[in-house]
Amino acid sequence: MIRIISYNIHYGKRIEKIFAWLAKQTLPDIFCFQEFPEAKIADCFTVLGKKSYGYSFAPSMIRRQKIYGEL
């Protein structure tokens, strides 16, 4: 069985709550976050720990001089 998580972070406003929630979960095989702040990519992979993920980031908007996109 493959576990998938998809979530809209809403311009990064919910990111700390999502990181705390992820840390408590059995990690998914695939995840997709929308409106993810580019500056937080490294923080996300710190939360994910030892599980190895490849990733792609597609920038889609700039808001208040910060880049957001799909991770």
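Helices (H or I, at least four residues) and strands (E, at least two) are DSSP runs, numbered from the N terminus. The model is predicted, so local features need pLDDT of at least 70 and side-chain atom pairs count only at pLDDT 80 or more, whereas totals for chains, interfaces and linings use all residues. Residues are numbered from 1 along each chain as its sequence is written, and side-chain values use heavy atoms, with hydrogens and water left out.

**Stop 1: Leu22 and the nonpolar core**

Select helix 1, residues 15-24, and locate Leu22 within that helix. Leu22 is buried, with a relative accessible area of 1%; buried means under 20% relative accessible area, exposed over 50%, and partly exposed in between (1.4 Å probe, protein chains only). Next, display the partners of Leu22, where contact means heavy atoms within 4.5 Å. Not counting residues up to four places away in sequence, Leu22 touches Ile5, Leu27, Pro28, Phe33, Val47 and Leu48. Of these, Val47 is 25 residues from Leu22 in sequence, while the C-alpha atoms of the two are 7.4 Å apart in space.

Now widen the selection to the nonpolar core, a set of buried Ala, Val, Leu, Ile, Met, Phe, Trp, Tyr and Cys residues joined through side-chain atoms within 4.5 Å. The largest such core has 17 residues, and those with the most contacts inside it are Leu22, Phe31, Phe33, Phe36, Cys44, Leu48 and Leu71. At least two residues of this core come from each of helix 1, strand 2 and helix 2 (41-48). In soluble globular proteins, nonpolar side chains tend to be buried together.

Centre the view on Leu71. Leaving aside neighbours within four places in sequence, Leu71 is in contact with Phe31, Cys32, Phe33, Phe36, Ile41, Cys44, Tyr55, Ser56 and Phe57.

**Stop 2: the sheet**

Switch to a cartoon view and select strands 3, 4 and 5. These 3 strands form an open sheet in the order 3-5-4, with antiparallel pairing. Strand 3 (36-37) and strand 4 (58-63) are the edge strands, each pairing on one side only. Two strands pair if DSSP finds at least two bridges between them. Strand 3 is joined to strand 5 (residues 66-70) by 2 bridges, and strand 4 pairs with strand 5 over 5 bridges.

Select Gly69 in strand 5: Phe36 stands opposite this glycine, and so does Pro59. Then move to the hairpin of strand 4 and strand 5, which has 2 residues between the strands; there Arg64 takes a positive phi near 55°.

**Stop 3: Glu35**

Select Glu35, in the loop between strand 2 (30-34) and strand 3. Glu35 is buried yet has no salt bridge, and the nearest side chain of opposite charge, Arg63, is 6.1 Å away. For charge, Lys and Arg count as positive and Asp and Glu as negative; His and the chain ends are not counted. A salt bridge is a side-chain nitrogen of Lys or Arg within 4 Å of a carboxyl oxygen of Asp or Glu.

What does the side chain of Glu35 reach at 3.0 Å? The partner is the backbone nitrogen of Tyr11. In addition, a polar contact of 3.3 Å joins the side chains of Glu35 and Asn8. A polar contact is a pair of N or O atoms within 3.5 Å; within protein, one must be able to donate a hydrogen and the other to accept it, and residues adjacent in sequence count only if both atoms are side-chain atoms. Among the other residues that Glu35 touches are His10, Met61 and Tyr68.

**Stop 4: the salt bridges at Lys40**

Finally, select Lys40, in the loop between strand 3 and helix 2. The count of salt bridges comes to 2. Glu16 forms one with Lys40, the closest N and O atoms being 3.5 Å apart. This pair links distant parts of the chain, with Glu16 in helix 1 and Lys40 24 residues away. Asp43 also forms a salt bridge with Lys40, with the closest N and O atoms 3.6 Å apart. Glu16, Lys40 and Asp43 are thus linked in a network of salt bridges.

Colour these residues by accessibility. Glu16 is partly exposed at 48%, as are Asp43 at 35% and Lys40 at 27%. To complete the view, show the surroundings of Lys40: leaving aside neighbours within four places in sequence, Lys40 is in contact with Ile15, Glu16 and Phe19. The C-alpha atoms of Lys40 and Ile15 are 8.6 Å apart in space, and the two are 25 residues apart in sequence.
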